[in-house]
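Biologist: Please take me through the architecture and the contacts of this model, step by step.

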Amino acid sequence: MAGAESLTGFAHFLVGIVINEDPKSKLASDGSPLLERIIGSVRGSIEWFGGLSLLGAQVIRECFRRPFEFGEVIRQVFEIGWRSTPLIILSGLAVGIVLSMHTRATLERFGAAAMIPTALAFALVKETGPLITGLLISGRVGAGIGAELGGMRVTEQIDALESLAVNSFKYLVFTRVVACALCLPLLTIIMDFSGMLGGFIAEAIISGSTLRLYFSQAFGSLAFADFIPATLKTVVFGLIIGGTSSFLGYNATGGAAGVGRAATQSVVFSSVLLILMNVILVKFIAFLFPVAGG
Amino acid sequence: MSEIDAKNAIEFNGVSKSFDKRCVLNNLSFNVKEGTGYVLLGRSGTGKSVTLKLICGLLQPDAGSVKVAGVDITGMDSTALTPVRKQMGFLFQSAALFDSISVGANVAFALKRNTDKSSEEIHQRTQSVLESVGLGKEYDKMPSDLSGGMRKRAGLARALALEPSILLVDEPSAGLDPITSAEIDDLLLHVKQNNTTLVVVTHNIPSARVLGDRLAFLDNGIILAEGTAEELEQSEHQLVRDFMKSKQGG
């Protein structure tokens, strides 16, 4: 795909920044002028985002073309969604317990300990649940997709698929992107409830709160306008994770090292893009649903 | 049918292909007649595998046109290429088996995707193709459990599952011992005798002599010499004569 080299250059540059590698030392080490490298990186980033946008456009186009690959989408939903469920439940419980403890420490100072379930529900449903789910899935699934597709690319398995009269983009990329978009909201709901349950466990141990009281307080102030937009925004997170990691894996080059790079970059780029997109989406939701405010 | 009367299974007309600034194929033209064996020879990095990928539409030429079974495939996307690719099989150098599914599932894959056969018929056809390459008992094994030669035979079984009229083979004897290499050659010869067009890339001269009705020697993006094995032995180019004297297998 066009821009593969620039992509690699840009990727090195960005990964270097993200993992605290001093990019200046790299610039100096190969002796090329700084300005030239900066221009190259800017060009690379434009090409990279261009390539990613084209992938997005192709995924949309494939939605309306046969075959629809329902079987493979379901298989990917199982791989991406179902197999991530234990991770999400465990993380949700832990996050709920920790959030509950921190919230108690803060609210007790103001004599508002009774607000703990409500505060926890708002924190989890509106922001913490969607964001942590997105980051966890970008780690587990993003790396998996990047490595799997990268491995298939460098061992000619993608070429083999094409030679067997199979549209490899549709079979491998489209199905994963759709499965990620379908799974993220469901996993977010699971995360939200696990977090609430974790919060209840902490509260039950500390204050002896009952399940009914805890959940009636938690959901009493929560409206659908708080829950729906925040959960639905994870569809975009799913598109980012599936699209970015598929893009990097599908276009991987350079043997085993290239596969490793694709896996690492899948996690780094999808996490960074997800966090940045979250800022935009929170603002967007606050604009569309003033009551929800993100 | 004589070779002169036969139609062209593959036509290359003025095909050029570059990667970055490196020209790999330069205005390349050749034809392959139906039911014949065409062997591409040449040193490493001279564009032999690129030529195979152009035939299969895995790469697109920068200039010129590629026709397969009379259809101009230049510029076609994956979807448009589907009917053409159903007529082709491709044995990759590394076999390129799908490593997450069994050997049987690899062979059955194209049948499930591209035919209306029932599960039973697909199983029977898969078993029959695997037996034809001597892997009848390996149906449920994973590709990682197979040796290099067995993997190549499994790749051949997968390429033959749809009974292609054109078989593209990339270095069938690479990395194999002489006996296994000869077994693969026998299998390919058997395929050719069933009127399948073979296009083979190899460095193995004994193999090229067995499989090729016509041989082409690629160098610097052009065909330096083309003809029968005997004609290439008498080529005016020293490089071609030296290459043909090679007894190497691999």
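Biologist: How many helices and strands are there in chain B?
Modeller: The model is a predicted one. In chain B the secondary structure mixes both classes of element, with 10 strands accompanied by helices that number nine.

Biologist: What is the radius of gyration of chain B, and how does chain B stand against the globule rule?
Modeller: The C-alpha atoms of chain B occupy a box of roughly 55 × 40 × 40 Å along the principal axes. For 250 residues the globule rule gives 18 Å, and the value for chain B is close to that, so chain B is as compact as a globular protein of that length. The radius of gyration of chain B is 18 Å.

Biologist: How many residues does each chain bring to the contact between chain B and chain A?
Modeller: Residues are in contact here if their C-beta atoms, placed from the backbone, lie within 7 Å. On that basis the contact takes 12 residues from chain A, and from chain B it takes 17 residues.

Biologist: Which elements of chain B each supply at least two residues of the side that touches chain A?
Modeller: The residues on this side of chain B divide into nine nonpolar, five polar and three charged. Elements that each supply at least two of the residues on this side are α2 (78-85), β6 (88-91) and α3 (103-114) of chain B.

Biologist: Into which domains is chain A divided, and which element gives the largest share of the side of domain 1 that touches domain 2?
Modeller: Chain A is divided into domain 1 (1-65) and domain 2 (68-288). Between them, 12 residues of domain 1 are in contact with 14 residues of domain 2. The domain 1 side comprises eight nonpolar residues, three polar and one charged. Both α1 (4-18) and α3 (34-62) of chain A supply at least two residues of that side, and the largest share, seven residues, comes from α3(A).

Biologist: Is α5(A) parallel or oblique to α6(A)?
Modeller: Helix α5 (residues 85-109) and helix α6 (residues 116-154) of chain A pack with their axes 10 Å apart, at an angle of about 140°. Angles over 145 degrees would count as roughly antiparallel. The angle of this pair therefore makes α5(A), relative to α6(A), oblique.

Biologist: What is the handedness of the crossing of α5(A) and α6(A), and how do the residues of their contact divide?
Modeller: Among the residues of α5(A) that meet α6(A) are L87(A), V95(A) and L99(A), while those of α6(A) include I116(A), L120(A) and I132(A). The crossing is right-handed. The contact residues divide into 11 nonpolar, six polar and two charged.

Terms used. Residues are numbered from 1 along each chain as its sequence is written. Chains are lettered from A and ligands numbered from 1 in the order in which they are written. This is a predicted model: local features need pLDDT of at least 70, side-chain atom pairs count only at pLDDT 80 or more; totals for chains, interfaces and linings use all residues. Two residues are in contact if their C-beta atoms, placed from the backbone, lie within 7 Å. Helices (H or I, at least four residues) and strands (E, at least two) are DSSP runs, numbered from the N terminus. Ala, Val, Leu, Ile, Met, Phe, Trp, Tyr, Cys and Pro count as nonpolar, Asp, Glu, Lys and Arg as charged, and the others, Gly among them, as polar. Axes are lines fitted to C-alpha atoms, for helices over the stretch in contact, and angles run from 0 to 180 degrees between N-to-C directions. Angles under 35 degrees count as roughly parallel, over 145 as roughly antiparallel, 65 to 115 as roughly perpendicular and the rest as oblique. A crossing is left-handed if the near helix is turned anticlockwise from the far one by less than a right angle, and right-handed if clockwise. Domain bounds come from an automatic or database domain assignment. The radius of gyration is taken over C-alpha atoms; the globule rule is 2.2 Å times the number of residues to the power 0.38.
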